[in-house]
Amino acid sequence: MICILTSTIQSSQLATSQICFKPKLGLVSPNKTCDVLYKNIGTAVPNCVYIDAMLGWLARILRILFGATVVYSPDAEDAELVETECLVVTRDEELFRRRRGPTILLKTDDHVKWVSAFLNLGMRPFEKSVCPLCGGELEEVDCGEAEAAVGHKIRSKRCWRCARCGKYYWVGSHWRRLRRLVEEAKAVAPCSG
């Protein structure tokens, strides 16, 4: 199920309403309670994403899973987020209301539903990853180099180093947990209630 916030002007006031639908079933229920709300989302996969404060985990996950260009600064002012043309992801209902551009409002703490929201935008996981810390490009390196740098044995056949910050990455238990997260997100609708 997908929920979309629509805006209209009534008597010189901006009025918003929420419409939920299942793609093959049509309208489900206006003003349905949803965990994830979308506003002014086009059909194209977003090429840049601003993540509001307190969503640092999501910024890292979007970089790892989708190789997304993510701007995350806990100090970013709402005025900057209101004006950007990039997709903005927030938990701030007031910011969501004020935004005219593409926006996602996360009304849940469920990380599976967060990832599901991006899968429903057409973003495809595991095609490209960038450094979860700085967003730099990852270069494949010999795992012996990674072991020497981190000071312990790495049980992986593939290793990478960030070209920007120099951090090393490899396929391990964290990667397997991310794969499970994506599988769970594929099975969950972004709107419930």
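Leaving aside neighbours within four places in sequence, with which residues is Thr-108 in contact? In this predicted model, the residues touched by Thr-108 under that condition are Asp-35, Arg-91, Lys-113 and Trp-114. Thr-108 is located in the loop that runs between strand E8 (103-106) and helix H4, the latter spanning 111-119. Its relative accessibility is 12%, so Thr-108 counts as buried, the limit being under 20%. A polar contact is also present here: the side chain of Thr-108 reaches the backbone nitrogen of Asp-110 at 3.0 Å.

A second threonine was examined in the same terms. Thr-84 is placed in the loop between helix H2 (78-83) and strand E7 (87-90). With a relative accessible area of 15%, Thr-84 is buried. A polar atom of the Thr-84 side chain lies 3.1 Å from the backbone nitrogen of Cys-86. When residues up to four places away in sequence are not counted, Thr-84 touches Tyr-50 and Arg-99.

Turning to the aromatic residues, the structure holds two aromatic pairs. One of them is formed by Phe-126 and Trp-175, with 5.2 Å from centre to centre and 65° between the planes. This geometry is edge-to-face, because the angle is over 60 degrees. Phe-126 belongs to the loop between helix H4 (111-119) and strand E9 (138-141), whereas Trp-175 belongs to helix H6 (residues 173-186); the pair therefore ties together parts that are 49 residues apart in sequence. Both rings come from partly exposed residues: the relative accessibility is 23% for Phe-126 and 22% for Trp-175.

The ring of Phe-126 is also involved in an arrangement with a charged group. The charged end of Arg-179 sits over this ring, 4.1 Å from the centre. A further case of this kind involves Lys-39, whose charged end sits over the ring of Phe-96 at 5.2 Å from the ring centre.

Trp-175 reappears in the description of the largest pocket. The volume of this pocket is about 580 Å³, and 23 residues line it. Those closest to the pocket centre are Ile-64, Pro-132, Tyr-169, Trp-170 and Trp-175. At least two lining residues are supplied by each of helix H1 (56-66), strand E11 (168-170) and H6. Trp-175 thus has a place both in the edge-to-face pair with Phe-126 and among the lining residues closest to the centre of the largest pocket.

Notes: Residues numbered from 1 in each chain as written. Predicted model: local features only at pLDDT ≥ 70, side-chain atom pairs only at ≥ 80, totals over all residues. Heavy atoms only, no water. Phe/Tyr/Trp six-rings, centres within 6.5 Å; stacked < 30°, edge-to-face > 60°. Helix = DSSP H or I, 4+ residues; strand = E, 2+ residues; numbered from the N terminus. Buried < 20%, exposed > 50% of the residue type's maximum accessible area, 1.4 Å probe, protein only. Lys NZ or Arg CZ within 6 Å of the ring centre and 35° of its normal. Polar contact = N/O pair within 3.5 Å; in protein donor to acceptor, adjacent residues only side chain to side chain. Contact = heavy atoms within 4.5 Å. 1 Å grid on protein atoms, 1.4 Å probe; cavity = no way out; pocket = protein on both sides within 12 Å on 5 of 7 lines; lining within 4 Å. Points joined across faces, edges and corners; volume = space filled by probe spheres on them.
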